[in-house]
There are 2 protein chains.
Amino acid sequence: MNAMDVALICRALGDSNRLQIIQMLSDGEKCGCKLLEQFEITQPTLSHHMKILCECGLVEARKEGKWSHYSLNGETLDAFRQFVEGLCGSCREGKCGG
Amino acid sequence: MNAMDVALICRALGDSNRLQIIQMLSDGEKCGCKLLEQFEITQPTLSHHMKILCECGLVEARKEGKWSHYSLNGETLDAFRQFVEGLCGSCREGKCGG
DNA sequence: GACTCATATAGATGTTTGTCAATATGTTTT
DNA sequence: AAAACATATTGACAAACATCTATATGAGTC
C-alpha cells in the first residue's frame, strides 16, 4: 500500500460520521437504512459517505434486491494497520520524541 | 483515545504532504528547514502543516535557538495504532467481508 | 546596530468538501 | 399498474482547507 492510498483512507476516516460508520461496520455487515437510522444526516449524504468509503477500499458494498449491505474490507484495513505499525516501529527504535 | 481524536489525526494524515512529513519524522527528529527542502511548498505552508500535525498530537516541536525540531509523538501514534488494530480485530472474528 | 536566517502569523484566494433538496433508478408489495 | 421503499445522482451552497504573498518575531552573526 503506497502513501497515496493511505492518504485517501485517512481522508475518508477524517470525517466523524464516516469514522462512526466504520466503527459500526466493525461490528459486522450493515445495510444502508440501518446505518442511516443512527445519524442525523439525509439519505443522499449517507450515500455520498458510503461512496467515499468504498472508493478508498475500506468498505465493500453487496447489492441484494433493493438493499445495499456494507462491510469492512479486511484486506485494506489490514494493509492500513501495517502502515501505521510501520510508523510506530520506528518509535520503538528510539527515533521518536516523548 | 476517543473517536474525535482519531478523526482529527486522520484529517491531519489525509494530506499527502503531511503524510510524507510523518514518514520523514518516523526516521527521526528533523528541523523545519530540513523538512522544507524536500517539498515544493513555501515556508509558511510548511509551518501551517506542522501546526496541524502538532495540534492533533502526532508531532512534537522542540525549540532550540532559531530552530524548531520536530519529532513524532510515540504515545499518540501508539494510541492511534491501537484504535486501528481494534477495527482489524473485529475482522479477525469474521465480522468483515472479503 | 544592521544583517541574515528560521519560523510564525495575517490576509487573500481558489479548491475541496459536507450537506441538503429535488429527482432518478430499481425493487418489492399490494 | 400503482404505491412504497432503498439507494444513487445531480446541482447548489456554505464552510473548511491548502496555498500563496507580505509581514512579523526572534535568534545568531558581522
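**Calling the contacts: DNA strand C and the A/B pair**

User: What makes the pairing of A:Thr42 with a phosphate oxygen of DNA strand C a polar contact?

Analyst: A polar backbone atom of A:Thr42 sits 2.9 Å from a phosphate oxygen of DNA strand C. The cut-off for an N or O pair is 3.5 Å, so this one counts. Keep in mind that the model is predicted.

User: How do you know that A:Asn17 and A:Arg11 belong with it, given a phosphate oxygen of DNA strand C in each case?

Analyst: For A:Asn17, a polar side-chain atom is 3.1 Å from a phosphate oxygen of the strand. For A:Arg11, a side-chain N or O atom is 3.5 Å from one. The limit reads "within 3.5 Å", so the A:Arg11 pair is counted too.

User: Which residues come nearest to DNA strand C, and what makes a residue part of its surroundings?

Analyst: A heavy atom within 4 Å of the strand is what it takes. There are 23 such residues, and A:Arg18, A:Thr45, A:His49, B:Cys33 and B:Gln43 come nearest. On the DNA side, sugar and phosphate make up 68% of the strand atoms that come within 4 Å of the protein.

User: Which elements supply that surface near DNA strand C?

Analyst: From chain A, helices H2 (16–25) and H4 (43–55) each give at least two residues, and so do H3 (32–37), H4 (43–55) and strand S3 (67–72) of chain B. H4(A) has the largest share, with five residues. By class, the surface splits into seven nonpolar, ten polar and six charged residues.

User: Over to the protein pair: why is the link between B:Lys95 and A:Asp27 called a salt bridge?

Analyst: Their side chains meet N to O at 3.5 Å. The rule wants a Lys or Arg nitrogen within 4 Å of an Asp or Glu carboxyl oxygen, so the pair qualifies. Two salt bridges are counted between chains B and A, along with four residue pairs in polar contact.

User: What does chain B put into the side that touches chain A?

Analyst: H1 (3–13), H2 (16–25), S3 and H5 (74–95) of chain B each supply at least two residues. H5(B) has the largest share, 14 residues. The classes come out as 17 nonpolar, ten polar and nine charged.

User: How much area do chains B and A bury between them?

Analyst: About 2,800 Å², with 67% of it on carbon and sulfur atoms. In chain B, the residues losing the most area are B:Leu19, B:Leu87 and B:Lys95, together 17% of what that side buries. By contact, 36 residues of chain B meet 36 of chain A.

Terms used
Residues are numbered from 1 along each chain as its sequence is written. Chains are lettered from A and ligands numbered from 1 in the order in which they are written. This is a predicted model: local features need pLDDT of at least 70, side-chain atom pairs count only at pLDDT 80 or more; totals for chains, interfaces and linings use all residues. Side-chain values use heavy atoms; hydrogens and water are left out. A polar contact is a pair of N or O atoms within 3.5 Å; within protein, one must be able to donate a hydrogen and the other to accept it, and residues adjacent in sequence count only if both atoms are side-chain atoms. Helices (H or I, at least four residues) and strands (E, at least two) are DSSP runs, numbered from the N terminus. Ala, Val, Leu, Ile, Met, Phe, Trp, Tyr, Cys and Pro count as nonpolar, Asp, Glu, Lys and Arg as charged, and the others, Gly among them, as polar. Contact means heavy atoms within 4.5 Å. Buried area is the accessible area (1.4 Å probe) that two parts lose on being put together, summed over both.
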